[in-house]
Amino acid sequence: MVMNSLTGDPQIFNLFPTPLVAITLKDADALNAALKATILKRSETHPSVQKTNLGGWQSDLDFPLWSGPEGAHILETARNFASRLTLRATADGKVDPFAADWKMASWANVNTTGDANDLHTHAGAFWSGCYYVDTVEVGQAPNIGGEFEVFDPRGVAPILYDPMLRFGIKGCTTAGMSEYLTPKSGQMFFFPSWLFHAVRRYKGGGKRISVAFNLSV
Ligand SMILES: [Fe+2]
């Protein structure tokens with residue numbers, strides 16, 4: 001038996017992992033009720049920009065100017081948490097904690113039935129993220145859509161040889177494909193700005209509301 005020729009468990013090095021960090025804000029229900037009213041009111045009085053949105057309403061980058069204390073709270077939370085996720089290398093080869101004075105761009109999104117966001121990255125930033133004000137029934141009903149789709153930054157290379165052959169290692173079976181995350185209201189996602197992502201077409205009857213942001217130094 002081959003197995004008998006081994007000693008100990010195999011060591012697996014997860015080299016070059018790609019982070020997507022989700023946090024949940026405290027007292028999100030009250031925060032979200034206020035933000036929802038503010039964003040929907042804005043969407044009724046201001047036209048959508050046309051960027052990644054395939055349908056849906058997307059605000060200009062002026063979210064901080066009209067989102068009140070609730071908007072300021074989520075943006076401040078994002079800035080503070082981004083500093084916890086960030087180190088800065090020094091000339092002598094160390095990496096130190098880095099409390100960046102983050103510059104921020106932010107905008108609101110409302111997707112209704114049939115709306116999606118096209119494949120994209122966020123140029124000109126280090127961290128990008130999204131706060132979920134209302135995910136309505138996303139993840140609670142089958143085939144409702146609205147998931148956050150992340151594309152393998154290695155492209156299709158890992159499945160190009162044979163799409164049916166997979167790496168039999170935990171976390172590696174989707175190499176070369178997409179991962180789908182189901183956000184919940186009150187959650188905030190952080191991911192590297194260069195990571196290709198999209199929002200799956202939403203097929204529910206409600207309004208899927210989120211606030212997206214870019215953080216740069
Ligand atoms: Fe995005």
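1. Strands E6 and E13 run antiparallel and are joined by 9 bridges. Within this pairing, Asn109 stands opposite Ser210 in E13. The model is a predicted one, and the points below should be read with that in mind.

2. The pairing of E6 with E13 belongs to an open sheet of 6 strands, whose order is E1-E11-E8-E13-E6-E3 and whose pairing is antiparallel. Strand E1 (21–24) and strand E3 (57–58) each have a single partner strand and stand at the edges, so one side of each is left without a neighbour in the sheet.

3. At the E3 edge, 2 bridges join E3 to strand E6, which covers residues 103–111, and the two strands run antiparallel. Here Trp57 stands opposite Val110 in E6.

4. On its other side, E13 pairs with E8 in the antiparallel sense over 7 bridges, and in this pairing the bridge partner of Ser128 is Asn214 of E13. Strand E13 thus appears between E8 and E6 in the order of the sheet.

5. How many residues of E13 are buried? The strand is mostly covered, with 9 of its 9 residues buried. Arg208, Ser210, Ala212, Asn214 and Ser216 point one way from E13, while Ile209, Val211, Phe213 and Leu215 point the other way, and all of these residues are buried. A colleague looking at the strand may wish to note that Arg208 is on the side that also holds Ser210 and Asn214, the residues that stand opposite Asn109 and Ser128 respectively.

6. Helix H1, made of residues 28–45, lies across E3, E6, strand E8 (127–134) and strand E13 (208–216), and it runs at about 95 degrees to E8.

7. Arg200 is found in the loop between strand E12 (197–199) and E13. Its relative accessibility is 37%, which lies between the cut-offs of 20% and 50%, so Arg200 counts as partly exposed. Leaving aside residues up to four places away in sequence, Arg200 touches Asp115, Ala116, Gly145, Gly146, Glu147, Glu149 and Tyr180. One of these, Gly145, is 55 residues from Arg200 in sequence, yet the two are 5.5 Å apart in space, C-alpha to C-alpha.

8. Two residues in the loop between E8 and strand E9 (148–151) deserve a look at their backbone, and Val136 is one of them. Although Val136 is not a glycine, it has a positive phi of about 40 degrees. With a relative accessibility of 22%, Val136 counts as partly exposed.

9. Asn143 also has its place in the loop between E8 and E9. Its phi is near 60 degrees, again a positive value in a residue other than glycine. Is Asn143 buried or exposed? Asn143 has a relative accessible area of 67%, and it is therefore exposed.

10. As for the protein as a whole, its secondary structure comes to 4 helices and 13 strands, and buried residues make up 40% of its 217 residues. Among the contacts with a separation of 6 or more, 82% are accounted for by residues 24 or more positions apart. The C-alpha trace spans about 70 × 50 × 30 Å along its principal axes.

11. The accessible surface of the protein comes to about 12800 Å², and 58% of this belongs to carbon and sulfur atoms. There are 19 positive and 20 negative side chains, and the centres of the two sets lie 1 Å apart.

Methods
Residues numbered from 1 in each chain as written. Predicted model: local features only at pLDDT ≥ 70, side-chain atom pairs only at ≥ 80, totals over all residues. Heavy atoms only, no water. Buried < 20%, exposed > 50% of the residue type's maximum accessible area, 1.4 Å probe, protein only. Contact = heavy atoms within 4.5 Å. Areas by Shrake-Rupley, 256 points an atom, 1.4 Å probe, with all protein chains shown as cover. Lys, Arg positive; Asp, Glu negative; His and termini not counted. Charge placed at Lys NZ, Arg CZ, Asp CG, Glu CD. Pairing = 2+ DSSP bridges. Axes fitted to C-alpha atoms, helices over the stretch in contact; angles between N-to-C directions.
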